[in-house]
Structures are given as structure tokens and as C-alpha cells.
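This report covers the confidence of the model, its sheet and one buried site. The sequence and structure come first.

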Amino acid sequence: MNCDHDQAFLQILKEEKNITNFLDVFFGFLYRCTDFYVESGPDQKLGFQPGLIEKLVLNSFQKWKNISKFPNVVDLPKNHDSNVQYNMEIKHNEMGIEEETGPQVVQEIEVETSTENEISDRPVKPVEKDRSSDSYNGAVRDNYTWSQTINNLDVLVKLPSCIKTSKDLKVHLNSKQIKIEARTSTLAQCQEVEDHSSEWTIIFMGEFSFKVKNAESVWTIVPGGHVSIHFEKVSERWWDALIVGEPKIDLSKIDCSRNLEEMGSEAQMKVQELMWNHQQKLLGKPTTEQIKMEKILKKAWDAEGSPFTGTPYDPSTVQFSD
């Protein structure tokens, strides 16, 4: 398998923090810089035939899904269309989305098992307000780092150097709690394990400060480095701690600003309207409200009883106020 581009993809994944944003950036790149979404037709000779784009993506996904299930099989059945050839390597990053059937799986990993997840009482550091930081509006702990927006949380958890694949991890998640286990035989390769009788060893367990949507959770793994977890909050609120019992951050010092895409559709439309109106004012042009008023005036100009009936419409006779 060709992994020449892994470092570039890893860098993008690190900057975007989760698979959801990574995929959005990837498909956005195809939209902006290629003709990937162009469909051919009677009046359009260039582009893909209708439905071929979806086949291309699904077949590439299925190819790597088969490889993840049968990593030791060299020749996989070629079940994709001969017209579709598309390679996307994901060797150093594995994605998992589990449906809830009791305990749910999303990832969060701790390195130090000997302390049984004891949370440090060290002084709380100032809240990081740089959006690109791994601890934006969150905190850095001994074995994990977390960040948040009003709707989402992202967590980076240190991974023992010997844990290099998701097959050596079990992550159980519900809306209030997370428990992570590592395969005991693999874990013993890089650190001392007290109990060798069990196949799995708990390396992280904690209760969330508030509820999360576990069905929306996504995780990626950097072998021997860390596990990155992204999940959505059940309700819009700022968290003062990720796990119950950890030192709380000062919510009065976080960055409470919100990106446009984090707002609801109505709020986005209102902000865009305000921005447009501001630009119109700078250019000396009418705002949205002024345009509406002029439409009403035009309609009323020749209405019955109007003093302007029969005269040419002349907006200069009316002054529009801000």
C-alpha cells in the first residue's frame, strides 16, 4: 500500500481535529479545484456520467473497508466498476462510527494505567483562546487534552506506544460515560500490566460532565501517538470540565464567540444580512430595509387616493432614513 501522502493527510487531520471536518475539507477541495462534481449530459460533454461520482466514492470506501477487515489478504475481490479507479490511502488513521446497542464505542485513550485515572490537582492553566489549539476553550491534562465549541467537543488522548491499531482497543460509550480497554497482551509490550488473566485491561474510564450524542461520535487513531475523538453535545452549553472530578476551567475567561457555521440557519441568514447591509452603507447604496420601503412606495405611488397618482415615479421626493 502506498503511504507517500500520509504525512500530508495527518497534518490536515491534526489541523481539522476530527474526521468530519477532514472529509469536509477533502470534498470541498474537489469542489473548488477540480471538475469532480461536473456531470455530463446532452448539453455538457465534459464530466462524469450521472451516478458515477457516487459509485466512485462508495467503491473506494468499500475497498478500504475490506482491507481493514482482511489486512493479511493481498488480493481482494475486485467488486468495483472497471470505469472507476480512485485510490485513497488511510493507513495511519482509522475511523470508527458505532451504532448504540448498549455500551457504545468512541475513542479516548489514557497512557498511565498504574494511577487508575487519578486526576491531577495541579493548578489550572489559563484557558487557551486560539481556535487552532488542541485545548481551545478547554484544558490540557496529564493524559488527555480537550477543546470545545458551543456545540462540539474534541479530545486528544495519549496512546501507549505499543498500541498501533484499533483492533487492540475497545471503547465503550453511552451518553454519560466512557470506558476504554486495551488488549492486555499488546499493552504488556510497552508497560507493566498487573493482571494478565484478562484479555482486556481498562486504561481509561470516566463520567462526562454533561450528556453527549454518542451516536454522532467519531474517532481516529495515530499509531503509538494519540486517539482523537469528536462528539456533539446534547445541549448548547459551555462545559467547565470534560470528566467529572477534573479541575474546572474558568468559563468567564473562555472565547464565547461563535463561527457563522456554528449558528442555526436563521441566525446565519440574519448575520449575512447585517454584513450585506453594512457593505451597502459603505458603498452608499440602499440597505435591505430601504429596498423594501421603496418597493412599498412604488406600489403606493399610483394607488387610489395617492397625491402622486398619474405622475412619474420619483424617489428623490422621499427621504429614506437609517
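The model is predicted, and the mean pLDDT of the protein chain is 75. Of its residues, 74% reach 70 or more. Residues 73–124 have pLDDT below 50; beyond near neighbours in sequence, this stretch still has 133 contacts in the model. The table gives the two ends of the confidence range.

| Element | Rank in the protein chain | Mean pLDDT |
|---|---|---|
| S1 | highest | 92 |
| H5 | lowest | 77 |

The next topic is the sheet. In which order do the 5 strands of the open sheet lie? The order is S1-S2-S3-S8-S7, with antiparallel pairing. Strand S1, residues 139–140, and strand S7, residues 212–222, are at the edges. Each of these two has a single partner strand, so one side of each is left without a neighbour in the sheet.

Within the sheet, strand S2 covers residues 144–148 and strand S3 covers residues 152–158. The two run antiparallel and are joined by 5 bridges. On the residue level, Gln148 has Leu153 in S3 as its bridge partner.

The last site is Leu242. This residue lies in the loop that runs between strand S8 (226–233) and helix H5 (265–282). Is Leu242 buried or exposed? Its relative accessibility is 0%, so Leu242 counts as buried, the cut-off for that class being under 20%. The C-alpha atom of Leu242 is separated by 8.2 Å from that of Phe210, and the two residues are 32 residues apart along the chain.

How values were computed. Residues numbered from 1 in each chain as written. Predicted model: local features only at pLDDT ≥ 70, side-chain atom pairs only at ≥ 80, totals over all residues. Heavy atoms only, no water. Pairing = 2+ DSSP bridges. Helix = DSSP H or I, 4+ residues; strand = E, 2+ residues; numbered from the N terminus. Buried < 20%, exposed > 50% of the residue type's maximum accessible area, 1.4 Å probe, protein only. pLDDT = per-residue confidence, 0-100. Contact = heavy atoms within 4.5 Å.
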